[in-house]
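Here is a friendly tour of one protein model, written for someone who likes cut-offs spelled out. Please have the viewer open as you read.

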Amino acid sequence: MGKKKFGGRRNNNDTKKSRDNKAKNDTWASGTQQTRAGYSDVVQENELYERFYRESGIIPEEEWEEFWGSLKRTLPTTFRFTGSKNHALSVLSTLQSTHVPHLRGLIHEDQPVDPPSAIPWYPDNLAWGTTVGKSVIRRCPPFRKFQNFLVSETTIGNISRQEAVSMIPPLFMDIKPHHTVLDMCAAPGSKTAQLIEMLHMGEENAVEEAVKKAHEGKLDPDAPVSEEADYDRGRPTGLVIANDADYRRSHMLIHQTKRLNSPNLIVTNNDATAYPSLIKSVDTQPNGKQRNTYLKFDRVLADVPCSGDGTARKNYNVWKDWSPHSGLSLHLTQVRILVRGLQVLKVGGRLVYSTCSMNPIENEAVLASAILRCGGNKKVRIVDVSEHLPALKRRPGLKGNWKVMGREGKWWETYEDATAGEESGEGWQDRDNRLVKGMWYTPPTDEEERIPTERSMRIYPHLQDTGGFFVAVLEKLAEISPIEEEGPKTKKGSQPRAAAPQAAAGPTVIPADAEATAEGTSIDEAAPTVPVVVEATVTLPPPAEKVEQPPSPGKRSLESPPPVAAPTKRTKLDEPTVEGDVPAVETPAAAALKPIKKLNGQPSEEPFKYLDPSHPVLQDIFSFYKISPLFPQSQFMVRNAEATPTRAIYYTSPLAKSILEHNDSGKSGIRFVHCGVKMFVKQDVQSPEVCAWRIQNEGISIIEGWIGEERVVHARRRDTIRALLKELFPKWDADTRDGQDDGSGCAEIREQVRSIGMGCCVLRVQPDEMVDNDESIVAKEGGEGFKERMVLPLWRSRHSINLMLPKEERKAMLARFFNDYEEIRDSTNKNRMVKTEAAAAEVVVPDAEGDVDMLKVEDAAAEEEDLLDAIPEGGHENDADEGGVKLE
């Protein structure tokens, strides 16, 4: 590995770092990520928007003024504590015990200022909000300190900035650790993070119990693990697959979720309306043929793209650009996504549908249309969840008989009225409105046939000072075979054009068993042979006047790059592909021979290649760290076609491995863009006896319980941890006088470090324990301990030690535990120039104590620079390791 010029790279980043830090602070201060003028400067008027909600009758007359006024007020800033980590609860404790008391009773410009408060309907007080504006935060020192706390804890993943209503859908999914979960339209990833946290809930205690059993000889690694088992050796057996159709946004999703360090996460980049089938396992039949079992999901989240008219409090484009066309143009896409989600859902599984819109065309109409396509209430039911989260203020969904407003503001009571007249063409009122029959729903008199859309939830801004939102919970009762989809039709005499994305669909029906190939494929929990729908796409002539509509504000910021062009064909999950003007059936066997097409501007993703446990690099790692053979050793992978560990080694869950190995991106159509937690990173070392692979901070919590005591250092004292956080490379071997600490803070662990040998090891910070006379162990020694357990990676060199943590995490821990906001000390900076000059002269250099280190100076300097490179300015290592893609 080539040497890095650390100094020059760091200096070049100083200006960028300053800009980035300012951007982070401004984001929290302003309550929005959009760079724009103050919200009060926006003209909060839109005649069609006001007419639509006033005349539709959706909002009761007596609530209109309160509703309309709430849309013009600034949205509160809300955030959430990551609930899957025990130490995140200590972050919550810091907020409650340190910051909130100092923010009570404040007066700013003769006005009282409210402190942050817990959101009452969110479980366990893990979500909070504040109505304080940026002017108060910038001018009021207590709030400025509170803002710094939020920024630092957000950077390292203990806090997630998220709008309150956006937190709602995952709370209705009832996720268990063994569930397979699909987030169909996941970016930017705040809801996905909630799903991951729920999957990992209770993991710390389960791992502790598993490790204890292993040490007692009671853990059987060969015991079969059922699909319903929550944990395998303490780790969740389930999986979250997060998908987004936009390549750039899928990497935004990776950035948002990688802070949770979950090996049970896969990120894909596919069209949600045609999400591909995923092979779960492959079995060999007695006749030698292969039989595929396809994955079905226990839970699906369909937080679909929408007009975003419920986000007017934070997205000023709603006031500027909203028109009825926004919802009309998205209706069919939303129906397709929902139907596709129901197709890949298990029988008995739960799907949550949500939008940040209040428009029934995007909400209740989508539910009714999709459920009717899937066979009605006998196949899919809307679940009544009115008793869940009782503190959440909501209104029931509309029962039907809503009106539809056309592009120019004309109301249509029925589809027949809208399509009447010679000029309308077959199935159209006009070509710009894109009206289809499913936008209306007239409930039948038979209650068994009526779709109970009132069981859905409407969240209005004036109910609890939030944005507008819609949520519905659906349960799949039986396997489904969607009937032919309605869609816009061309005018009589016109010819269809070539297929294009998001065009209207004219379906072709084929048998479901067409998916079966000569190898004998099957679907997990297979359904009877019934017809399924394959869509043939056509392009409509462009409207006379094009009006740009903003994308769903909850899904993409206004300044984000334009999406990558979508493919020109749609592929339904386990259905053949249909291309061109004339539908043509193509078998999966034929489709498998075609390599996946790379979209315009999309870089190639390096493959995911798993390492054999007998690989020499893994064997060296297992031996050096004395890793227990009970820890899974076949789930380590790299990201290069040669399957060679060159810089980083990743770890995934067993199910994630099975999905990655059985689904070739070039054949199945699935685009994998991320999976795995970085476990080991290549490191230049001073001696061949030292393992060249250090444990990465992201993966240490997964493996630390299985590492031998020979590579573990134990600490209890707060002053020890503070010293290690405060200074880079403190000397561990400095002399002591009369048993007193020399000032390095290493006295507690010095003898352990001396005996452990060079290289990476694990620092376990044990919580203080009470002993005789209600006095703790550390207190008896004249010190102060911690209330929680922590595990940190530690590098031991010849004369120094160093916590392998990003600087941002060091700063956050110093602030949280010690109320210390000063800069971290780096005693190596003053020696770097001397060492560099000495290396050029090819001489040996005395160390700080006057001893001569016989290593070549360039090797020592290289080690130091590589170690310092483990503490990047931005808080995380470069994501481009092992061929992964990093977007600049």
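## Contacts and overall make-up

Among contacts in the protein between residues at least 6 apart in sequence, 78% link residues at least 24 apart; a contact here means heavy atoms within 4.5 Å. The model is predicted, so to read it fairly, note that local features need pLDDT of at least 70, side-chain atom pairs count only at pLDDT 80 or more, and totals for chains, interfaces and linings use all residues. Residues are numbered from 1 along each chain as its sequence is written, and side-chain values use heavy atoms, with hydrogens and water left out.

The protein has 26 helices and 38 strands. These elements are DSSP runs numbered from the N terminus, with helices being H or I of at least four residues and strands being E of at least two. Of the 888 residues, 56% are buried. Buried stands for under 20% relative accessible area, exposed for over 50%, and partly exposed for what lies in between, using a 1.4 Å probe and protein chains only. About 38300 Å² is exposed by the protein, and carbon and sulfur atoms supply 50% of that area. The accessible areas come from the Shrake-Rupley method with a 1.4 Å probe; for residues, only the protein chains shown count as cover.

## A four-stranded open sheet

One open sheet has four strands in the order E33-E35-E36-E37, and its pairing is mixed. Strands E33 (712-715) and E37 (801-803) are at the edges with a single partner strand each, so one side of each has no neighbour in the sheet. From one strand to the next, the twist averages 35°; the axes behind such angles are lines fitted to C-alpha atoms, for helices over the stretch in contact, and angles run from 0 to 180 degrees between N-to-C directions.

Within this sheet, E35 (residues 759-765) and E36 (residues 790-796) run antiparallel and are joined by seven bridges. Two strands count as paired if DSSP finds at least two bridges between them. Val-765 faces Met-790 in E36.

## Strand E31 and its partners

Strand E31 (residues 677-682) is largely enclosed by the rest of the structure, because five of its six residues are buried. It pairs with E29 (residues 648-651) in the antiparallel sense over four bridges, and Tyr-651 has Val-677 of E31 as its bridge partner. E31 is also joined by three bridges to E32 (residues 693-695), again running antiparallel. There, Val-681 has Arg-694 in E32 as its bridge partner.

## A covered helix with a bend

Helix H12 (residues 325-344) has 20 residues, which at 1.5 Å a residue should span 28 Å; the end C-alpha atoms are 30 Å apart, in agreement. The expected span is 1.5 Å times one less than the number of residues. H12 bends by about 40° at His-331, where the bend is the angle between axes fitted to the seven residues ending there and the seven starting there. H12 is mostly covered, with 19 of its 20 residues buried.

## Backbone details in loops

The peptide bond from Ala-187 to Pro-188 is cis, with omega near 10°. Pro-188 sits in the loop between strand E7 (180-183) and helix H8 (190-199).

Which residues other than glycine have a positive phi? Asn-261 is one of them, with phi near 55°. Its loop lies between helix H10 (247-257) and strand E11 (265-268), and Asn-261 is partly exposed at a relative accessible area of 22%. Lys-626 also has a positive phi, about 50°, without being a glycine. Lys-626 belongs to the loop between helix H17 (616-624) and strand E28 (636-638) and is partly exposed, with a relative accessible area of 42%.
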